[in-house]
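This note is meant for a colleague who is meeting the structure for the first time. Please read the numbered points with the model open beside them.

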Amino acid sequence: MSPIPPGATIGILGGGQLGRMLAMAAADLGYRSHIYAPEASGPAGDVSARWTQGAWDDEDALVAFARTVDVVTYEFENVPVGAVTAIAPHCPVRPGAQALEVAQDRLAEKRFARDHDALTAPFAPVDSRAALDEALVAIGAPAILKTRRFGYDGKGQARLASAGDAAAAWQAIGNRPAILEGFVRFDQEFSVLVARGTDGATCSWDVPQNRHEAGILAQSTVPADGHIAEQAEAAIAIATRLAAALDYVGVLAVEFFAGPDGPVFNEMAPRVHNSGHWTIEGAITSQFENHIRAVCGLPLGSTALAARRVEMRNLLGDEAADWPALLADPALHLHLYGKGAARPGRKMGHTTRLFF
């Protein structure tokens with residue numbers, strides 16, 4: 001399979017901040033980026049050569065877009081599978097539709113992980129209010145009820161302290177198809193980022209310890225300690241196995257719980273990931289550059305740490321308004337995403353600090 005040379009155009013489905021950082025990495029390697037998204041503009045538009053506004057179900061627009069680019073990738077996991085299947089006959093899509101199909105359905109995702117020897121929380125499908133009662137008998141409480149689709153950053157979830165919370169939890173998620181998960185004993189959260197090329201070659205970065213606030217990632221730090229340090233190798237092996245099973249091309253993120261039971265699979269994202277933003281300054285090759293290298297069929301770059309320790313913090317809501325003070329710190333790297341209104345919990349940017 002011949003590599004796609006610099007000077008070519010990379011199509012990106014989605015125009016948010018991940019698309020922005022992918023486009024910036026592509027430009028560094030001499031590629032142009034063309035965004036396709038339903039919105040008229042977005043953070044990626046500031047740094048891309050072209051932007052096509054089109055619906056995900058507009059097959060004519062998708063095919064026309066595919067004919068202007070040399071390869072297509074995506075920046076978020078809720079791109080409809082139908083959009084990818086419309087593009088695929090006309091242009092390579094990396095990663096492919098199978099990764100989306102698995103990652104978009106929490107039940108399919110858990111089953112996929114379990115089938116490839118990953119430890120998961122106990123889980124059961126919930127398709128009705130009666131099924132929730134049955135699942136609670138099988139799994140017990142406390143537990144967490146999650147919609148099977150379209151949940152992220154803590155959305156689409158309801159906690160159940162006891163079976164008596166079932167009715168309220170079912171209503172809280174909108175009476176939608178769901179999965180009930182038992183609680184897992186853990187003391188740390190972390191993620192594995194694996195890059196896989198068109199030739200099957202893989203590499204991974206140091207695994208970051210992640211700290212969440214209200215279900216939203218607040219901070220990622222490498223290197224991690226405690227159970228994470230003990231379980232990192234096993235978790236990387238799991239993520240690499242999942243990538244191979246999907247014939248994946250690009251960067252795959254897999255989130256885990258670390259605790260006495262070993263690395264427990266939480267969820268995966270078929271894309272570059274917020275917990276990997278530290279790699280822009282903190283690794284020899286960032287997750288964004290290696291994703292571009294992978295989808296273009298280029299050799300993968302070194303993932304070695306560029307400093308003894310690296311800390312990334314998200315800027316949520318009004319925190320980005322502190323940019324004068326952040327820039328006054330000469331050791332801090334500031335990234336602002338060019339978004340409009342700041343809302344509570346909205347990711348407006350991030351900072352990275354390197355410790356030498």
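Which element gives the most to the lining of the second largest pocket? The points below begin with that matter; throughout, the model is a predicted one.

1. The second largest pocket. Helix α1 gives the most to this lining, with 5 residues. The pocket has a volume of about 250 Å³. Its lining consists of R20, M21, M24, A25, D28, I280, S286, F288, E289, H335, L336 and Y337. Two or more residues come from each of α1 (17–28), α10 and β17 (332–336). Sorted by class, the lining holds 7 nonpolar, 2 polar and 3 charged residues.

2. Helix α10. This helix spans residues 287–295 and is mostly covered, since 7 of its 9 residues are buried. The buried residues are Q287, F288, N290, H291, I292, A294 and V295. F288 is thus named twice, as a buried residue of α10 and as part of the lining of the second largest pocket. Just after the helix, G297 takes a positive phi of about 75°.

3. Residue L336. Strand β17 contains L336, and this residue also belongs to the lining of the second largest pocket. Is L336 buried or partly exposed? Its relative accessible area is 36%, and because the partly exposed class runs between 20% and 50%, L336 is counted as partly exposed. Leaving aside neighbours within four places in sequence, L336 is in contact with R20, L315, A320, W323, M348 and G349. Of these contacts, R20 is also listed in the pocket lining. W323 is 13 residues away from L336 along the chain, and the C-alpha atoms of the two are separated by 8.8 Å.

4. The parallel sheet. Four strands form an open sheet in the order β3-β2-β1-β4, with parallel pairing. Why is one side of β3 and of β4 left without a neighbour in the sheet? β3 (50–53) and β4 (71–74) stand at the edges and each has a single partner strand, so one side of each remains free of a neighbour in the sheet. Direction ignored, neighbouring strands of this sheet are turned by 25° against each other on average. Strand β1 (residues 9–13) pairs with β4 in the parallel sense over 4 bridges, and I12 stands opposite T73 in β4. Helix α2 (residues 59–66) lies across β1, β2 (32–37) and β4, and runs at about 175° to β2.

5. Strand β13 and its partners. In β13 (residues 216–222), 7 of 7 residues are buried. This strand runs antiparallel to β12 (residues 209–213), to which 5 bridges join it. It also pairs with β16 (residues 309–316), again in the antiparallel sense, over 4 bridges. Q219 can be followed through both pairings: Q219 is the bridge partner of R211, and the bridge partner of Q219 in β16 is R313.

6. The hairpin residue A214. The hairpin of β12 and β13 has 2 residues between the strands, and A214 lies in this loop. How accessible is A214? Its relative accessibility is 79%, and A214 counts as exposed. A214 has a positive phi of about 55° although it is not a glycine. As background, most residues other than glycine have a negative phi.

7. Residue N175. A positive phi of about 55° is also found at N175, which is not a glycine. N175 is placed in the loop between α7 (166–172) and β9 (178–182). At 46% relative accessibility, N175 counts as partly exposed.

8. Cis peptide bonds. Where does a cis peptide bond join R94 to its partner? The bond links R94 and P95, with omega about -5°, and P95 lies in the loop between α3 (81–87) and α4 (97–103). Another cis peptide bond joins V222 and P223, with omega about -5°. P223 lies in the loop between β13 and α8 (226–245).

9. Residue N266. Strand β15 (residues 264–269) contains N266. With a relative accessibility of 9%, N266 counts as buried. Not counting residues up to four places away in sequence, N266 touches E109, K110, K146, E255, F256 and F257.

Terms used. Residues numbered from 1 in each chain as written. Predicted model: local features only at pLDDT ≥ 70, side-chain atom pairs only at ≥ 80, totals over all residues. Heavy atoms only, no water. Buried < 20%, exposed > 50% of the residue type's maximum accessible area, 1.4 Å probe, protein only. Pairing = 2+ DSSP bridges. 1 Å grid on protein atoms, 1.4 Å probe; cavity = no way out; pocket = protein on both sides within 12 Å on 5 of 7 lines; lining within 4 Å. Points joined across faces, edges and corners; volume = space filled by probe spheres on them. Nonpolar A, V, L, I, M, F, W, Y, C, P; charged D, E, K, R; others polar. Axes fitted to C-alpha atoms, helices over the stretch in contact; angles between N-to-C directions. Contact = heavy atoms within 4.5 Å.
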